[in-house]
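Dear colleague,

I am passing on the structure we spoke about, with the sequence beside it. Please look it over first, and then read the notes below, which set out what was found.

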Amino acid sequence: MHCLMRNNTKHLLNWSKHLSRQCTSKAIISEPKEKLLYNDMLQRRQQQATRSIVVQVQSEKSFPELYNYCASFGKILSAHHYRIHQDDDQHYILLEFGSAEEASAAISSSAYNDELSGVPAHSPFLWFRATSSIRTLKAADQTTEAKLAVIGGTTMLDNNDLNDVLCEASNLDQQIFHLHQKTQLNDLGVRLRFLAALQVKQAVSGIFPNANAQPFGSSVNGFGRMGCDLDLILRFDREIVGAAAMQKRNNESRLVFHTKENLTNGRSQTQRQMESLGDMLHLFLPGVCHVRRILQARVPIIKYHHEHLNLEVDLSMSNLTGFYMSELLYMFGEFDERVRPLTFCIRRWAQTCGLTNPSPGRWISNFSLTCLVIFFLQQMKQPILPTINALMKSASPDDIRLTEDGINCSFGRDFERISFRSRNTAKSSELLLQFFEFYSQFDFHNRAISLNEGRSISKPDHSALYIVNPLEQVLNVSKNVSLEECERLRIEVRNAAWVLESEVENPSQPDNGTQSPWGILHLFKTNEKAVIRPHMFFKPRMVEVSDLFDDSTTDTPPTPVDYKNANVKREVESIKSQARGDLKQMRINTSSAAAAAAAEANATIIKTAKGRRGR
Ligand code: GTP
Ligand code: MG
């Protein structure tokens, strides 16, 4: 059986090479490599989805029978098993045929179950009946060498197993690399997401033959983790193509479509359309459940769960800038192979110290955090990433993209043409430390972060954290972040720089024969002794943590830390000295308060005693 890796397209080979590139402990230098264009990647995945079906089975053991049955519809290129844990385990196998026609033949041959009520709808989501009496298999058919490419392919590595993997790595760079490899969205995850998109596209294709439901966000930009949600943008009848191609067709054709007049303004119209769409998804599409409509948001969306894919979906119709932003993120990830592992490590650190949160709120989002990483890599003396302005300058006429609201999303897409090459050869572990050091010193109070310019600019307003929205530069990507959360970010990056410094100086696995956590794992656990937290500065409990600071009263003097960066050293010294001052003041306050309380208590006792004597 063929599998995905044997596909002979040049791009695919490049891509799989890219995915399986081995990590070495040496500095990873950005070498020129052929990169897959974003649109080519999307197209390849969309075509793959049209060749695929998902069949619910008893267990992975049903595979040989399923394979033999389905092989009669066409050549099966690959098969992938996954399970969904509900009350009991549900097993599924994704089959990829050689062509869309073969997959379609399998779907068309499928029957409806008359014993169950339900809306009859053709879709690639099927189940495999337990009986073998329907079709008698030839003996030859049953001897197959077919293999599942993966069993339990969507199961996430649990934290303990991940920690074991990271403990066993031989150096910090390998830890960072493994963290990325073991937690990133895998091939099956992407396949399932494109099937969800295909289902929506097919659902509206009767009215809109050119409709397209396009995945964007972390499912496709290479920054997605296993289990990430699917962001989808549905376009009824306009492909997401260059303005030039669209203009050409509009100018040349003499036949013009009659169209339905918009009944209200654009936004209300979209909201009404989305409401109907939500109903349609809810009532007719197999697998779609828990449909929620969030229509008053800046970008109205329909959220739903797909029970056969175990997937959360956010469907929008008007978030083209989000789509193009994903393309930019994808390109940044492709420019240099250190970018994604570094971002994964920083995102995990932020998650474990509670800076990010799965639900939206006043905290920093994963997207904003990714912007912080990109900006850090742009502003270096030897930049690892180009600025967005540089990408915009390298745009060719084919790259011109305008959204319906007139937002310019034109930037160079051809890596060759952009010809950016970094000379920076720092290891990922060094970059990680530099990231924390950089943001330890960043003036969040007065400066805004601009990925367009690759340098900080004056803050346009009083938002706590200001990251200029790269495609709508009057907006702030992190407007939601509260002052308190920004302060926590500042404190946590200092903690991390502090913790990581000694790890970077001793970057290899400690040879102590134990499996105790080391390296980046120290970033992911909140060891109270190693970390400064805001409450230490604001609560009397601070007295208990004086062992954090050089204290002449302790028996064991603290080990002096040799700070590489003079600014960080100064910062840490200043925190320590301020903390010492605060401690001293608190002790004075506490003892004078205690003295005052004692005096008051004495006075009361004397008064009471006098009163008793008087009676
Ligand atoms: P996770 O969902 O956390 O895995 O990451 P994500 O990258 O998918 O983030 P999210 O679902 O919040 O957003 C989806 C995509 O929309 C992002 O990848 C960006 O491309 C884009 N996006 C999100 N927020 C903004 C924003 O404020 N401005 C712009 N231009 N695009 C945004
Ligand atoms: Mg997302």
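Ser 422 counts as buried, because its relative accessibility is 6% and the cut-off for that class is under 20%. Please keep in mind here and throughout that this is a predicted model. Ser 422 sits in the loop that runs between helix H15 (415–418) and helix H16 (428–441), and a polar atom of its side chain has backbone partners on two residues. One partner is the backbone oxygen of Pro 383, which lies 2.9 Å from a polar atom of the Ser 422 side chain, and the other is the backbone nitrogen of Asn 424, for which the corresponding distance is 3.0 Å.

Another loop residue that may interest you is Arg 413, which is placed between helix H14 (388–393) and H15. Is Arg 413 buried or exposed? With a relative accessibility of 8%, Arg 413 counts as buried, and its side chain reaches the backbone oxygen of Cys 409 at 3.3 Å. When neighbours within four places in sequence are set aside, the residues in contact with Arg 413 are Leu 37, Tyr 324, Glu 327, Met 331, Asp 399, Arg 401 and Ile 418. Arg 413 and Ala 395, which are separated by 18 residues in sequence, have their C-alpha atoms 7.2 Å apart in space.

His 180, by contrast with these loop residues, belongs to a helix, namely H7 (residues 172–183). His 180 is likewise buried, with a relative accessible area of 8%, and, neighbours within four places in sequence again left aside, it is in contact with Arg 340, Pro 341 and Phe 344.

Turning to the ligands, which residues coordinate the magnesium ion (ligand 2)? The donors found are OD atoms of Asp 229 and Asp 231, at 2.2 to 2.4 Å. Asp 229 is partly exposed, its relative accessible area being 29%, whereas Asp 231 counts as buried at 16%. Asp 229 and Asp 231 are also listed among the closest residues to ligand 1, together with Ser 218, Ser 326 and Asn 469, out of the 15 residues that surround this ligand.

By class, the shell around ligand 1 is made up of six nonpolar, seven polar and two charged residues. Polar contacts to oxygen atoms of ligand 1 include one from an N or O atom in the side chain of Ser 218 at 2.8 Å, one from a polar backbone atom of Gly 322 at 3.1 Å, and one from an N or O atom in the side chain of Asn 366 at 3.3 Å. Taken alone, ligand 1 would expose 610 Å², and the protein buries 78% of that area. The elements that give two or more residues to the shell around ligand 1 are helix H11 (320–335) and helix H13 (366–378), and H11 gives the most, with four residues.

For the chain as a whole, there are 20 helices and 11 strands, and buried residues make up 47% of its 615 residues. Among contacts in the protein chain with a separation of 6 or more, 69% are accounted for by residues 24 or more positions apart. The accessible surface of the protein chain comes to about 32200 Å², and 51% of this belongs to carbon and sulfur atoms.

With best wishes

How values were computed. Residues are numbered from 1 along each chain as its sequence is written. Chains are lettered from A and ligands numbered from 1 in the order in which they are written. This is a predicted model: local features need pLDDT of at least 70, side-chain atom pairs count only at pLDDT 80 or more; totals for chains, interfaces and linings use all residues. Side-chain values use heavy atoms; hydrogens and water are left out. Donors are N, O and S atoms within 2.8 Å of the metal (3.2 Å for Na, K and Ca); water is not among the atoms, so sites may look incomplete. Buried means under 20% relative accessible area, exposed over 50%, partly exposed in between (1.4 Å probe, protein chains only). A residue is near a molecule or strand if one of its heavy atoms lies within 4 Å of it. A polar contact is a pair of N or O atoms within 3.5 Å; within protein, one must be able to donate a hydrogen and the other to accept it, and residues adjacent in sequence count only if both atoms are side-chain atoms. Accessible areas come from the Shrake-Rupley method with a 1.4 Å probe; for residues, only the protein chains shown count as cover. Ala, Val, Leu, Ile, Met, Phe, Trp, Tyr, Cys and Pro count as nonpolar, Asp, Glu, Lys and Arg as charged, and the others, Gly among them, as polar. Contact means heavy atoms within 4.5 Å.
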